[in-house]
Each structure stands twice: as C-alpha cells, then as structure tokens.
Amino acid sequence: MTDVIRTGFRPSRIAIYGVLLLACLVYLIPLIVMLITSFKTPMDIRTGNLLALPTDWTVVGWTKAWSEACTGVQCNGVSGYFWNSFKMTVPAVLISTLLGAFNGYVLSKWKFKGSDLMFGMLLFGCFVPFQVVLLPMAATLGKLGLANTTAGLVLVHVIYGVAFTTLFFRNYYVAIPDALVKAARLDGAGFFTIFFRILLPMSTPIFMVSLIWQFTQIWNDFLFGVVFASGDSQPITVALNNLVNTSTGVKEYNVDMAAAMIAALPTLVVYIVAGKYFIRGLTAGSVKG
Amino acid sequence: MSQLELRDIRKTYTGALDETLKGINIDIASGEFLTLVGPSGCGKSTLMNSIAGLESITGGSIVVNGKDISGMEPKDRDIAMVFQSYALYPTMSVRENIAFGLKIRGMPKEEIRQEVERVADLLQISALLDKKPARLSGGQQQRVAMGRALARRPKIYLFDEPLSNLDAKLRVEMRTEIKKLHQRLRTTIVYVTHDQIEAMTLADRIAVLKDGELQQLGTPKEVYDTPENLFVASFMGSPSMSFIDVEIERAETGLSVTVKGSDGRTLALPVPAYLESWAGKRVVLGIRPEHISQPDDHKADHPMVTSGRFTVEVTEPTGPDVLAVIRLNNKDVQCRLDAEHPVNWGEEADLMFDMRKVVFFDPESEKRIRPQ
C-alpha cells in the first residue's frame, strides 16, 4: 500500500519546486530591493551593491518621506497626501460597493423590461478608458462646483466603480436561488427588507472582492488624481510622483523608496486582511446557502 | 379552514406564443389535499406560483373563501409555500427562519417564541432551533421549511415538489409524515409533484395536467381505474398501463377481441357489453400489469376472465412480484407475476387475463370509451 503513494524526493519533484522558488524570487526581488534600499543611508546606496543588506540600518528615509521630503515647492513629506488618499478612497469604496450591491440586487432579482440590456450597457463602463472622460468630467465637476475637491474625486471614482461593483454583485446574486426571494415575499417581506435582511447578510465574500478591487483601483489611481485634484487635495500617488521628480541636488533613493512603500502599504494590508475572501469570492458560483 | 376556487385560470408569458395555462377550473374544498401532477412543462408550477401571487395571471380568478385574491400581493394572500429547494435563509438560524414571517407581521415577541416552539414540537426539530440551515441534513431542512410554512397558520399551504431533493428512503418517510400531518391538522393543501406515486398516496383528489390543460380531476382510485384519456392512463401507474390495438368482434358468447402472441398463437379476450356500438371497429385496449397474472382458480370461473399460453420475453424481479413482458399484437405488454412461481425469459407460461378492470380508448380522440 505505502509504495503506491510515493512521497519521497524524486528528481521531478525537485525540478517543480525549484522552478516555483525561482518564480517567487523573480516576483519578490523588486519588493526586496525597495525595502532594503529604504533602510539604507545615501552613502550606503552609492557605494554598496543593489541587493546587499544595509550596513547601517536606519529609518531616516522613512521619517523624511513621511514628514520632510519636498513634493514640489512644499517640504512637508507625504503624510498629508496619505490622509487625502484615505479621505477619498474610503467613502468612494463604500459608496460604490453599496450602490453596486443594490444595482446587482435589482438586476438579478427584480428584472424589468430591458434590465438585461441595461446591465449590458452598464458593462461598457468597465471598458471605457479613463482618458476619454477627462474633459467632459472636468466640465461636469466644474458645473457642480466640485472641481479640485476630494468630494469631486469621490464622485468620479464612484461613477467609474459602479460598473465593476454592479457586475460583481449581479453575478453573485444570479447564483442565489430565486426561491429565496419568493419565500421572503410570501413571508411578507418587501423590496428593501429582502435586500437588507436576506441578501446583504449573504454577501460577505463578494463584498470583500468588491472592497479589495475598489480599494486597489481607487488608491492606486494616478490619472484622475492628477487631473481633478490640485494642491492640498491631491492623493498620495500624485504626491509620490512629485516627490520623485523634485530634484534638489543628490537623488535620495532611500526617501523615494520609503515614500513608494508608504503609498503601497494600505493596498497590501487590505489584501492580507481580506485576501482569503477574495479567492473565495472569485469562485462565488459554488457558494452554497 | 379555507376553500379555494380556481376559475378559468389563464396565463400567457409576455412574448410567448402559446398559453401556458389554458383555462384551469378546480374547486378545492376546505381541508382537502389536492395534488397537481403532470410532466415537466405542463404548467403545474406556473399554476402554483399564480395561486401564491408570485406570478400574475392573464385571465380568470382565484377565490379563497368567496373572496377574489387574484390582484393581491403575495404577502396579503395569507398563503404559505414549501419550496423544492427549501429556500431557507442561510444566514439565519432555524429559529429565526421560522420566526421571520411572524416578525415581519409584527407579532409580539412572546407569541413568536411560543409559536416557534409549538411548530418545532410538531415537527420534532426542537433540538435544531439554534443551528444554521447549512448544518442540517436534507430531511431536517425539509422539516424546517415545513415549519416555516406552518408557523404562520395560513389559509392555504402550497407544496412545490417538496420531496424531489431527498433520497429514495427519506422521500417515502417524509411522504408518510406529510400525510400524518395533514390528517392531524386538516389544512387545505395544494401539492405539486411530477411523481405519480406521491400523487396517488397523498391526495384526496388528483388533478392531472398536460400542456396547460386539466386532463382529469378525481380521487386517486378514479384516476387510476378510469383514466379519462390515453395520457392520464399512461402517466398514472408504475409500471404503466400497456396499450394494445385491437378490433371489437362479435361472437356467440358476446363481444371479444383477439390478441396474437409472438409465436403466432391467438387468444380471444372477452370484453364488456357496453362496447356493442364499437363492434367491427378498432379501439385501444388499456391493460395494467396486475390484470395479467398466473392462473388463479378462484377467479378462473368468471366470464370476464380467460387464460392463454404466451412466451415470456423479459423478466424483472422486484421482490414482492416479478414483472414480465410478453408481446401481444406486436406491442410489449407488462404482466405482474407471483414471485413464488418463477418463470424464466424465453419460456412459455400460462397467463390469466382479468378483463373486469381493463379500459378502452377511442383511437381517434384518445378518450376513454365510457359505459353507457
């Protein structure tokens, strides 16, 4: 019996693990370089090897990037812009996700004449390139009095995000049996009661998918940030660009790397915290009641 | 206790060319157990959803206790439904599932608690009240689904193929449970199924549907013994009735038909006198497996009983009896034989035809020829 399932080291096994390890390394090298560079002194960077560990570990790069580095004419670090990004991302993610959930509910469980056509057209929103809407959106924001404000950016991201979140939730709800809605209707529940008491509590996996997706998209967005925000309301992606492009003498790679890490951390944290739901949500078709 | 009338119910789906329901008329007495049976696509689920108010009807009216409810919202109809998929709310415990409808209707907390306990007691699910549906077996989920329906004490209960998702053994157990429950509570129940055995065993009356039309409405015995047409005859009963094309002949002893076995031997079978006007014409003889058996001396003397020798083509032992197939007039005909006196395929056997309960159909209209 035992020799049927061989678990020992065979050449093919070693080859497979070797290739996998190599692939991991290739993916991880940029992150490793960023991390170790951010903890080096400028001297270390100039003289040492790119992949070598710092001779003197220091957090100077991080503190400078957070509160002293120059982004253009101001030299207050990226901290202010970091919070700007939060103020923009959190409401935009929550609003677009809730709207998507509601749209998905209507488009899957309360179909009306033309609802499938409407869903199809909404999907176009996923494929419209950002650049196409820059000018009309700028004009709209101006008319609404939201130009150069965080609220304006939130609005832009909600509008762009709803197409994706609707797609997520609609496809998730389509797989939930209609009998559940019928049973609730016979139990006396109305349109909103069914949504809030029955369907929304079942939506955790897809909620997490939408959350991660939207958070990553909105936090990492550069184009809308650079076009529709200016000065104090700019998000961190724009500030990072300004920081790296502001040259005052010697290039401080440790500060650049630290700033880039600061800009990337929130999306990493969100993925680590909610990641298991992400995988589960992507295979949502198999979710059983 | 509620009485339900379906008056000329019609339904055409938007964009569909054919009517799904073509004028259904059924009166269901208070406390009656009615099963709707038919093949898939016959409209039985549409009819059920229409009664519940989940689908609108395009014609006719649904009347409960003399009051037309056709235009009402499902929640105002006071009808409960048990679904094939159970449709339990997955995020709620069993207790919350049963209480949901009561809560929405604003029943006081204490009354809800009592009602949930009463229902849980009735269905023996008290131990499961705090579990989530996903942790229950199929049979337990089925009980909870019934509990949810019972808790509201609605006027009418609808069951939409509630046992189809259970395995064979559990299905038979739950069938008995449902029957017991109905005998105890005497509630009005409309029960949809495609399983004719379920329909036969549970119902006070059966409504057989096909292509949106009511084929026959009657007690299980009526539907089984005197099917109105070829469709009902072939649908009800397992194994189903065999049909043989025959010609009515006039002999000295009375009317008869002749059947020919696979070896060319013929046998004249006596037929009842009400077929007099069909003499010389072709009819379809419908004969159930239990009407052909091994010779039995007690019956052999009856004028409507006769015997012949035929070659058995196939045998299928079922346990209590053996189903055998013989060829008559080039048609396969099923017989139900005694398991204690086995016959082997390919051998000849003496078979007794009991013609007292056979039925005849007009080959043109496919309707049963009724005794005058």
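How many residues does the contact take from chain A and from chain B? It takes 16 residues from chain A and 19 residues from chain B. The model is a predicted one.

On the chain A side of this contact, α8 (178-186) and α9 (191-199) each supply at least two residues. The largest share, six residues, comes from α8(A). Sorted by class, the side of chain A that touches chain B has nine nonpolar, three polar and four charged residues.

Chain A itself has 13 helices and zero strands, so its elements, read from the N terminus, are α throughout. Of the contacts in chain A with a separation of 6 or more, 76% join residues 24 or more positions apart. The overall dimensions and burial of chain A are listed here.

| Property of chain A | Value |
|---|---|
| Radius of gyration | 24 Å |
| Box filled by the C-alpha atoms, along the principal axes | roughly 75 × 75 × 30 Å |
| Residues that count as buried | 35% of 289 residues |

For comparison, a compact globule of 289 residues would have a radius of gyration near 19 Å.

The largest nonpolar core has 156 residues. Those with the most contacts inside this core are A:V78, A:A259, B:L158 and B:V190. Helix α7 of chain A, residues 150-174, gives the most to the core, with 13 residues.

One of the residues named above, B:V190, can be followed further. Leaving aside neighbours within four places in sequence, B:V190 is in contact with B:I28, B:L34, B:L36, B:M48, B:I51, B:I156 and B:L158. B:L158 thus appears both among these partners and among the core residues with the most contacts.

Note on methods. Residues are numbered from 1 along each chain as its sequence is written. Chains are lettered from A and ligands numbered from 1 in the order in which they are written. This is a predicted model: local features need pLDDT of at least 70, side-chain atom pairs count only at pLDDT 80 or more; totals for chains, interfaces and linings use all residues. Two residues are in contact if their C-beta atoms, placed from the backbone, lie within 7 Å. Helices (H or I, at least four residues) and strands (E, at least two) are DSSP runs, numbered from the N terminus. Ala, Val, Leu, Ile, Met, Phe, Trp, Tyr, Cys and Pro count as nonpolar, Asp, Glu, Lys and Arg as charged, and the others, Gly among them, as polar. A nonpolar core is a set of buried Ala, Val, Leu, Ile, Met, Phe, Trp, Tyr and Cys residues joined through C-beta atoms within 7 Å. A residue is buried if 20 or more other C-beta atoms lie within 10 Å of its own, exposed if 12 or fewer, and partly exposed in between; C-beta atoms are placed from the backbone. The radius of gyration is taken over C-alpha atoms; the globule rule is 2.2 Å times the number of residues to the power 0.38.
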